[in-house]
Amino acid sequence: MAGPLAGIRIIELAGIGPAPFCGMMLADHGAEVIRVERIGGRIQATDPLLRSRRSIAVDMKSPEGVALIRDLAKDADGLIEGFRPGVTERLGLGPDILLGDNPKLVYGRMTGWGQTGPYAQAAGHDINYIALSGALHGIGRKGEKPVPPVNYLGDFGGGGMMLAFGMVSALLAVKNGADGQVIDCAMTDGSALLTAMTWGFRAAGMWKDEAGTNLLDGAAHFYDTYECADGKFIAIGSIEPQFYAQLREALGLTDDPDFDAQMDAGRWPALKEKVASIIASKPCDHWCEKMEHTDICFAPVLSMAEAPEHPHNAARGTFIEVAGVTQPAPAPRYGGTPTDAPTPPPQAGTHSDDLLGRCGYDDEKIADLRKAGVIA
């Protein structure tokens, strides 16, 4: 693998959601990520989260399987697991054991609530974690219920990406002479961290603790989405005065004195009605022609089907095809250590023989493990 993480080896104990996203991030940027699947596990060949992996299928509940994973981890730089607290300890694969085998190992733990605290052992999903962190409360329209932002905020922004950052940070510490360590990555903590700026606004008296009443949550007439005559939507974010002036000009509102007091929040609802009425009178293409490539801070709201075809995304290669599956390309880009193109997810156990051979297992031992159902 090419990229800034080339030469780094990560063991990923198979799971779903944020932990595989972390594995994808590391693999995208050059790490060798070995995904340990359960016996009988099936890989969805269309899942971008599982791209660019190597795969081994192991019975993790058997003593032989546990010993095998320990052998893999002895030669690894890091390990990712996304089970509830205590599960890997009960399997015999907890951090005390694996760091005892390999003191330089970075042991990444991905959970919703964290390894400690009253909720630590409870089940949950993204919506629950961002509810507890305070992030969900601020997403929605005034007077309406909070709107879950799919599972982007907890699972991926506050979870998988946060763990990837933690893994790389700890790997850098090891490179600089530190020992390996455990990373306790909780989606409650991560999603709370993503709200840091609004906590600053709140402390400065610039943010109300009520959804749909603030500058950046859809209350302002110059920072919101609007429906066009053809049912499509556009997004406008004309915060700065010079950008706001261009918006007024494009909408024919330069001489309307009602729009002079841009930051008078008391006028925002009435001004928004005027803006909405104007935008609703023309189709999306009209507004694209009028506002694209200006400083209005404008973009059409694209669907998943439309986004890969947009000229800007196409020019940058923001989306790619891997084995016929359209998906986001690795990001960010590197000027000096470019990455390889992603490869499709392998079937479970594809690389078992090669990986075990690298650990010193001979053909006879590998055959015996397969016959005993320890590997597949």
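The following exchange concerns how terms are assigned in a predicted model.

Author: Local features in this predicted model need pLDDT of at least 70 and side-chain atom pairs count only at pLDDT 80 or more, while totals for chains, interfaces and linings use all residues. Residues are numbered from 1 along each chain as its sequence is written, and side-chain values use heavy atoms, with hydrogens and water left out.

Reader: Why is the pair of W113 and Y119 called edge-to-face?

Author: Rings of Phe, Tyr and Trp (its six-membered ring) pair if their centres lie within 6.5 Å; planes under 30 degrees apart count as stacked, over 60 as edge-to-face and the rest as tilted. The ring centres of W113 and Y119 are 4.7 Å apart and their planes stand at 80°, so the pair is edge-to-face.

Reader: What makes W113 and Y129 an edge-to-face pair?

Author: For W113 and Y129 the centre-to-centre value is 4.8 Å and the angle between the planes is 85°. This pair links distant parts of the chain, 16 residues apart: W113 is in the loop between β5 (106–111) and α5 (126–132), and Y129 is in helix α5. Helices (H or I, at least four residues) and strands (E, at least two) are DSSP runs, numbered from the N terminus. W113, Y119 and Y129 form one aromatic cluster.

Reader: Why are W113 and Y129 called buried, and Y119 partly exposed?

Author: Buried means under 20% relative accessible area, exposed over 50%, and partly exposed in between (1.4 Å probe, protein chains only). W113 has 12%, so W113 is buried; Y129 has 6%, so Y129 is buried. Y119 has 42% and is therefore partly exposed.

Reader: How do you know that K365 lies over the face of Y361?

Author: A charge sits over a ring if NZ of Lys or CZ of Arg is within 6 Å of the ring centre and within 35 degrees of the ring normal. K365 lies over the face of Y361 at 4.2 Å from the ring centre.

Reader: What makes β8 and β9 a pair of strands?

Author: Two strands pair if DSSP finds at least two bridges between them. Strand β8 (residues 233–237) and β9 pair in the antiparallel sense over 3 bridges, and I234 stands opposite P300 in β9.

Reader: What makes the sheet β7-β8-β9 open, and which are its edge strands?

Author: The 3 strands form an open sheet in the order β7-β8-β9, with antiparallel pairing. The edge strands, β7 (223–227) and β9 (298–300), each pair on one side only.
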